[in-house]
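Thank you all for making time this morning. I would like to walk you through a few local features of one model, beginning with its aromatic rings and then moving on to a helix pair and a single side chain.

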Amino acid sequence: MLRYLIRRFALLAVTLLLTSVVIFGLTQLLPGDVARLILGRDARPEAVENLREDLGLNDPVPMQYANWLSGFVQGNWGTSFTSGRAPIRPLVMDRLGNSLRLAGLTLLISIPISILLGVLAGLNENKWVDSLISVLTLSVVGLPEFVTGLVLINVLALGLGWFPASSSLTPNMTFGDWIRQLILPAVAATFVLMAYIVRMTRAGVIDEMKKPYVRTAILKGMPQRQVIFKHVLRNALLPTITVIALSFGWLIGGLIVIENVFSY
């Protein structure tokens with residue numbers, strides 16, 4: 001297990017490194033001069049050249065990348081020229097923390113609901129319950145995130161006034177206010193995830209229910225509820241756990257649309 005985790009983390013590090021190389025290379029191919037963009041078109045050539053030297057833009061490209069990578073590893077992520085030369089790292093970590101809060105609440109909502117629906121669909125294979133759950137979840141996941149978000153805003157926020165139309169967190173908020181601010185974007189993200197988790201759980205339950213050990217347990221007189229919760233779910237949810245883990249990675253990077261819709 002330890003060897004597997006080490007191998008996965010090593011693969012992740014290599015993937016991130018290659019991604020940074022590709023992105024850095026693409027930025028070098030973009031037209032325009034960064035120093036000129038920062039200072040404006042009317043800046044004096046001397047000022048532009050001084051800024052290029054200050055930013056290290058006159059260094060060879062491999063050295064620029066090495067300097068950036070060294071600074072990034074040490075926690076020096078540079079400064080933001082659009083935020084008054086504020087350090088970038090605190091800005092990123094603050095917003096990443098907000099995204100993690102939203103992703104965590106989304107998983108807390110989506111996982112139990114999706115597993116419950118998947119189990120119900122699997123236990124009622126090809127019946128009306130199975131068809132209804134499949135149609136509803138696939139219909140919802142077919143809608144883009146911004147459409148789902150706008151519908152929730154118009155119905156629950158502007159129409160009924162139950163929740164705020166935009167979401168923002170402040171340090172003095174209570175836990176109830178925190179949940180109230182995040183519930184609509186979390187529900188919008190839940191709709192995107194739900195279909196995948198439901199379908200995976202359904203397939204796992206159906207597959208396990210057809211295995212001999214389940215039939216043997218039922219024939220011995222073991223209650224069906226005990227068979228399902230003690231034996232079936234233990235094996236059926238293994239693929240679902242993998243999907244949930246992958247979904248968390250998507251949430252961190254894919255919430256940008258929902259966060260913009262709700263001005264989060």
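When the whole structure is searched for aromatic pairs, four of them are found. Please keep in mind throughout that what you see is a predicted model. A pair of aromatic rings is described by the distance of the centres and the angle of the planes, and I will give both values for two of the pairs.

Let me take Tyr-65 with Trp-68, whose ring centres are 5.8 Å apart and whose planes make an angle of 35 degrees, so that the pair counts as tilted. Planes have to be under 30 degrees apart to count as stacked, and the 35 degrees of this pair does not meet that cut-off. Both residues belong to helix H4, which covers residues 61–73, and because they are three residues apart there, about one helical turn separates them. As for accessibility, Tyr-65 is buried, with a relative accessible area of 14%, whereas Trp-68, at 34%, is partly exposed.

The other pair I want to show is Phe-72 with Trp-77, which is stacked, with 4.7 Å from centre to centre and 10 degrees between the planes. Here Phe-72 is partly exposed at 36% relative accessibility, and Trp-77, at 23%, is likewise counted as partly exposed. If we now put these rings together, Tyr-65, Trp-68, Phe-72 and Trp-77 join with Phe-24 to form one aromatic cluster.

Let me turn to the helix pair. How do helix H9, residues 212–219, and helix H10, residues 224–254, pack against each other? Their axes lie 11 Å apart and make an angle of about 175 degrees, and since an angle over 145 degrees counts as roughly antiparallel, that is how H9 and H10 are described relative to each other. On the H9 side the contact is made by Tyr-213, Val-214, Ala-217 and Ile-218, while H10 contributes Val-227, His-231, Val-232 and Asn-235. Sorted by character, the residues of this contact comprise six nonpolar and two polar ones, with no charged residue.

Finally, a single side chain: is Gln-181, which lies in helix H8, residues 175–209, buried or exposed? Its relative accessibility is 14%, and Gln-181 therefore counts as buried. Leaving aside residues up to four places away in sequence, Gln-181 touches Pro-164, Ser-166, Ser-167, Ser-168, Leu-169 and Met-173.

How values were computed: Residues are numbered from 1 along each chain as its sequence is written. This is a predicted model: local features need pLDDT of at least 70, side-chain atom pairs count only at pLDDT 80 or more; totals for chains, interfaces and linings use all residues. Side-chain values use heavy atoms; hydrogens and water are left out. Axes are lines fitted to C-alpha atoms, for helices over the stretch in contact, and angles run from 0 to 180 degrees between N-to-C directions. Helices (H or I, at least four residues) and strands (E, at least two) are DSSP runs, numbered from the N terminus. Angles under 35 degrees count as roughly parallel, over 145 as roughly antiparallel, 65 to 115 as roughly perpendicular and the rest as oblique. Contact means heavy atoms within 4.5 Å. Ala, Val, Leu, Ile, Met, Phe, Trp, Tyr, Cys and Pro count as nonpolar, Asp, Glu, Lys and Arg as charged, and the others, Gly among them, as polar. Rings of Phe, Tyr and Trp (its six-membered ring) pair if their centres lie within 6.5 Å; planes under 30 degrees apart count as stacked, over 60 as edge-to-face and the rest as tilted. Buried means under 20% relative accessible area, exposed over 50%, partly exposed in between (1.4 Å probe, protein chains only).
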